[in-house]
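Here is a short briefing to read beside the sequence and the model. Start with one charged side chain, then move out to the rest of the chain.

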Amino acid sequence: MKGREGEKRRNFQSPYFRDSDDSEEEEEIDLAPYILAVRPDELEGLVEYLSEGEEVSAPAESFDMPNPDESSDSDDTYELEDDSQMSDSSLDSDSDGQAEEDAANGNKTGAAQASTSNGEGTAEEAPARRVIDDYDEDMEEDEVIKAIISEIKKPRSKPPDIQTEDFVVDLSFHPCEDILAVGTSVGDVLMYRYANDANVLAATHELHTKAIRCVEFVPDGKSLISTGRERSIVVMDAETGKFKRFWESAHDEPVYSMTVLGEHLFATGDDDGEVKLWDVRERNAVFSLRPVEDFVSSLLANQHQQKYLLLTSGDGLLTTINIAQRKMYVQSEPYEEELNCMGMFKRESKLVVGTSKGNYYTYNWGQFAYHCDAFTGPSASANRMVPITEQIAVMAGEDGILRAMHMVPGRVLGIVGQHSMAVDTLDISGSGELIASSSHDNDVRFWNVKYFEDFDGIKYNSKPDKRMLRHNLPSSQRTNAKDFFAGLGDDE
């Protein structure tokens with residue numbers, strides 16, 4: 001069966017609706033329903049800003065908190081049932097009537113617009129001072145409210161979500177600047193400048209007549225390479241948007257995967273198992289091979305020697321091509337599952353391949369005929385893999401969950417983030433601080449993974465802990481109940 005007809009392959013044109021597994025929720029502590037799902041970024045809408053010459057105004061509407069069993073994957077503001085405790089007027093009344101004094105002196109406040117998730121143009125800069133920052137949560141008698149206020153005060157550490165009108169097919173971080181390229185199902189590439197306070201749509205490039213298949217910056221960031229379902233390949237100047245090179249019928253079938261090997265070289269694999277190597281300075285492909293009969297799911301080459309080009313495919317084969325000799329080097333034994341993604345670890349001495357059944361196979365570099373180790377991860381299909389350290393990678397699956405995994409040996413470390421539907425796109429920023437992912441509901445989300453720099457205390461050889469499949473790491477949108485309420489009883 002060809003990859004473009006298979007059920008497991010990526011859907012480039014229409015969303016594949018699938019809810020995340022409710023079992024992933026934290027269930028260790030049974031507390032009041034309005035407590036568990038609170039996150040600082042969800043309550044940012046409750047915070048009003050205090051600027052000179054403006055009056056403090058309390059919100060007029062009441063809000064309802066969600067049930068903890070109902071997962072929420074957006075940053076929308078929740079509503080509280082009791083606005084008497086969470087309104088700005090009540091908070092300020094506990095601070096010796098500071099709000100009334102400010103109002104009497106003619107100080108007025110207005111809600112500041114902090115970010116634009118999908119908008120074009122320049123976002124307004126949020127004032128530095130907020131009413132909530134002046135509030136002393138230690139004066140609040142209710143321990144729950146005290147914990148919530150403390151969470152709200154924490155500064156935002158990642159850009160807000162991006163919501164697009166069209167289905168997101170692929171995305172790529174600029175290697176040097178805070179720019180994210182987003183390829184859509186209508187053939188456009190959207191260039192966003194991202195920041196913690198707002199994202200700005202800087203440019204829209206109409207590059208293809210049909211859906212984008214792949215988009216990738218070259219290492220110096222000066223060019224952007226994209227492929228389309230109409231079988232074309234475009235090399236674009238990233239700053240001006242002008243075409244540097246254009247191949248109209250690059251493959252006989254649409255390109256499924258791509259990897260950039262250097263400033264001038266890149267490789268593509270299509271739906272029918274053909275692989276081509278390209279040089280942007282040449283009119284035609286450097287060489288082409290068809291080592292497999294199903295779709296080429298991923299391509300990879302080591303950064304130092306670039307002697308081998310590795311590819312995984314829908315027919316369960318790991319194939320290695322000798323780039324210099326332009327011929328197949330070795331092909332693995334077939335697996336009874338699709339091989340979807342791969343990554344290099346331990347200073348490029350180990351290769352790990354993820355499959356459609358949630359299995360992971362480890363190879364010694366240069367010995368690609370058969371794996372030297374194997375382990376089983378989450379049952380969901382492993383769609384994407386992004387290494388973030390020499391031993392840890394972020395995995396995205398069909399269940400919409402992004403998990404950090406220690407790959408050598410295999411062990412799940414916890415949940416980095418979550419979407420409500422399957423995740424097919426994943427990339428890491430040039431600084432290694434941010435991960436961006438997209439789901440089938442046309443949203444792009446950011447996850448700050450800088451904490452992995454200090455992620456120590458891992459017992460690498462210990463037995464895998466199944467509880468870590470549900471453990472939310474600091475970047476996750478959800479908070480573990482035991483972590484959120486840690487320290488509430490310290491003052492008692």
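Glu-337 is buried in this predicted model, yet has no salt bridge. Its nearest side chain of opposite charge is Lys-357, 5.4 Å away. A salt bridge needs a nitrogen within 4 Å of a carboxyl oxygen, so a separation of 5.4 Å does not qualify.

**Around Glu-337**

- Glu-337 sits in the loop between strand S17 (327–331) and strand S18 (339–345).
- What does the side chain of Glu-337 make a polar contact with? The partner is the side chain of Thr-355, at 2.7 Å.
- Thr-355 is also among the residues that Glu-337 touches, leaving aside those up to four places away in sequence.
- The others on that list are Gly-316, Ser-356, Lys-357, Asn-359 and Tyr-361.
- Lys-357 therefore touches Glu-337 without forming a salt bridge, because contact is set at heavy atoms within 4.5 Å and a salt bridge at a nitrogen and a carboxyl oxygen within 4 Å.

**Salt bridges**

- How many salt bridges are there? The count comes to seven.
- Asp-161 and Arg-445 meet through their side chains, with N to O at 3.4 Å.
- This pair links distant parts of the chain, 284 residues apart. Asp-161 lies in the loop between helix H5 (143–153) and strand S1 (162–163). Arg-445 lies in strand S28 (residues 443–448).
- Asp-161 is buried, with a relative accessible area of 11%. Arg-445 is buried too, with a value of 3%.
- Arg-213 forms a salt bridge with Asp-271, and the closest N and O atoms are 3.4 Å apart.
- That pair also links distant parts of the chain, 58 residues apart. Arg-213 is in strand S6 (residues 212–217). Asp-271 is in the loop between strand S11 (265–270) and strand S12 (275–279).
- Arg-213 counts as buried at 4% relative accessibility. Asp-271 counts as buried at 1%.
- Asp-279 and Arg-281 form a salt bridge at 2.9 Å, N to O.
- Are Asp-279 and Arg-281 buried or exposed? Asp-279 counts as buried, because its relative accessibility is 7%. Arg-281 counts as exposed, because its relative accessibility is 54%.
- Elsewhere, Asp-161, Asp-443 and Arg-445 are joined into one network by salt bridges that share partners.

**Aromatic pairs**

- The count comes to 13 aromatic pairs.
- Phe-173 and Tyr-194 are an edge-to-face pair, because their ring planes stand at 85° with centres 5.5 Å apart.
- Phe-173 belongs to strand S2 (residues 168–173) and Tyr-194 to strand S4 (residues 188–194), so the pair ties together parts 21 residues apart in sequence.
- Phe-173 counts as buried at 5% relative accessibility. Tyr-194 counts as buried at 9%.
- Which residues form one aromatic cluster? They are Tyr-308, Tyr-329, Trp-365 and Phe-368.

**Positive phi outside glycine**

- Arg-231 has phi near 80°, a positive value in a residue other than glycine.
- Arg-231 is placed in the loop between strand S7 (223–228) and strand S8 (233–237). At 28% relative accessibility, Arg-231 counts as partly exposed.
- Asn-442 has phi near 70°, also positive in a residue other than glycine.
- Asn-442 is in the loop between strand S27 (434–439) and S28. Asn-442 is buried, with a relative accessible area of 14%.

**Whole chain and record**

- The chain has six helices and 28 strands.
- Of its 492 residues, 56% are buried.
- Among contacts between residues at least 6 apart in sequence, 53% join residues at least 24 apart.
- An unreviewed UniProt entry lists residues 205–246, 248–288 and 416–450 under "repeat: WD".
- In the model, the span 416–450 is 0% helix and 60% strand. Its end C-alpha atoms lie 11 Å apart.

Note on methods
Residues are numbered from 1 along each chain as its sequence is written. Side-chain values use heavy atoms; hydrogens and water are left out. Helices (H or I, at least four residues) and strands (E, at least two) are DSSP runs, numbered from the N terminus. Buried means under 20% relative accessible area, exposed over 50%, partly exposed in between (1.4 Å probe, protein chains only). Lys and Arg count as positive and Asp and Glu as negative; His and the chain ends are not counted. A polar contact is a pair of N or O atoms within 3.5 Å; within protein, one must be able to donate a hydrogen and the other to accept it, and residues adjacent in sequence count only if both atoms are side-chain atoms. Rings of Phe, Tyr and Trp (its six-membered ring) pair if their centres lie within 6.5 Å; planes under 30 degrees apart count as stacked, over 60 as edge-to-face and the rest as tilted. UniProt positions are given in the numbering used here, feature names are shortened, and annotations may be inferred rather than shown by experiment.
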